[in-house]
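Biologist: Could you walk me through this one? I'd like to hear the reasoning behind each label.

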Amino acid sequence: MPRIVRWYLRTALIMFVLALVAGVLQALGVAGLTPVYFHLLMVGWVTQFIMGVAIWMLPKFTQAQPRGSDRISWVGYILLNLGLLLRAAVEPLNALKPGQLWGWGLVLSALLQWLAGLLFVVNAWRRGKEK
């Protein structure tokens, strides 16, 4: 299994556990965790797990670069997880004290996640070619 795939899958498992913790804290009445819970669950766990498996299982791009560009995959992985962690940190702060700073943090987190998704699509798209 390629290294990038192991990182995606292991990080997805960590995000799953973090989502469960956020869900428990939310049930205990901690404010501002509903969006964190959903983002950790759907982007951190489900999407990231799917991305890792897709990188591993999609048809080879070339013999020299079977998974496309490893650099693009790593940059996408880093951007996705930076966006997730930023979102998890800023969302509760924005719920407690809405303000421009926290709002811009949410915008930045969304932009990082969007760029990660775009890089994944760019790298995966080329692997779906006809023989």
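Modeller: Let's begin with a pair of helices: helix 1 and helix 3 cross in a left-handed way. Bear in mind that this is a predicted model.

Biologist: How do you know that helix 1 is roughly parallel to helix 3, and not roughly antiparallel?

Modeller: Their axes cross at roughly 15° and come within 10 Å. Angles under 35 degrees count as roughly parallel, so helix 1 gets that label relative to helix 3.

Biologist: And what makes helix 1 roughly antiparallel to helix 2?

Modeller: Here the axes cross at roughly 160°, and they come within 8 Å. The cut-off for roughly antiparallel is over 145, so helix 1 and helix 2 earn that name. The crossing of helix 1 and helix 2 is left-handed.

Biologist: How many helices and strands are there in the chain?

Modeller: The protein chain has 4 helices and 0 strands. Read from the N terminus, the order is α-α-α-α. Along the principal axes, the C-alpha atoms fill a box of roughly 55 × 30 × 20 Å.

Biologist: What share of the residues is buried?

Modeller: Of the 131 residues in the protein chain, 37% are buried.

Biologist: Now a contact. Why are Glu-91 and Arg-87 said to form a salt bridge?

Modeller: Their side chains meet at 2.7 Å, N to O. The rule asks for a side-chain nitrogen of Lys or Arg within 4 Å of a carboxyl oxygen of Asp or Glu, so this pair qualifies. By that rule the count comes to 1 salt bridge.

Biologist: Why are Glu-91 and Arg-87 about one helical turn apart?

Modeller: Because they sit 4 residues apart in helix 3, which covers residues 70-96.

Biologist: Is Glu-91 buried or exposed, and how do you know?

Modeller: Glu-91 has a relative accessible area of 10%. Buried means under 20%, so Glu-91 is buried. Arg-87, at 16% relative accessibility, counts as buried too.

Biologist: Let's move to helix 4. What makes Gln-113 buried?

Modeller: Gln-113 lies in helix 4, residues 100-125. Its relative accessible area is 12%, and the limit for buried is under 20%, so Gln-113 is called buried. The C-alpha atoms of Gln-113 and Ile-4 are 17 Å apart, with their positions 109 residues apart along the chain.

Biologist: Then why is Trp-125 called exposed?

Modeller: Trp-125 is also in helix 4, and its relative accessibility is 68%. Exposed means over 50%, so Trp-125 passes that mark. Trp-125 and Leu-58 are 67 residues apart along the chain, and their C-alpha atoms are separated by 9.8 Å.

Biologist: What makes Val-30 partly exposed?

Modeller: Val-30 is at 40% relative accessibility. Buried is under 20% and exposed is over 50%, with partly exposed in between, so Val-30 falls in that middle class.

Biologist: Where is Val-30 found?

Modeller: Val-30 is in the loop between helix 1 (3-27) and helix 2 (34-57).

Biologist: Which residues make the nonpolar surface patch of about 520 Å²?

Modeller: Val-17, Val-21, Val-24, Leu-25, Leu-28 and Val-30 make that patch. Patch residues need over 30% relative accessible area, so Val-30, at 40%, clears the bar.

Key. Residues are numbered from 1 along each chain as its sequence is written. This is a predicted model: local features need pLDDT of at least 70, side-chain atom pairs count only at pLDDT 80 or more; totals for chains, interfaces and linings use all residues. Side-chain values use heavy atoms; hydrogens and water are left out. Patches are made of residues with over 30% relative accessible area and no salt bridge: like charges are joined within 9 Å, nonpolar side chains (Val, Leu, Ile, Met, Phe, Trp, Tyr) within 5 Å. Accessible areas come from the Shrake-Rupley method with a 1.4 Å probe; for residues, only the protein chains shown count as cover. Helices (H or I, at least four residues) and strands (E, at least two) are DSSP runs, numbered from the N terminus. Buried means under 20% relative accessible area, exposed over 50%, partly exposed in between (1.4 Å probe, protein chains only). Axes are lines fitted to C-alpha atoms, for helices over the stretch in contact, and angles run from 0 to 180 degrees between N-to-C directions. Angles under 35 degrees count as roughly parallel, over 145 as roughly antiparallel, 65 to 115 as roughly perpendicular and the rest as oblique. A crossing is left-handed if the near helix is turned anticlockwise from the far one by less than a right angle, and right-handed if clockwise.
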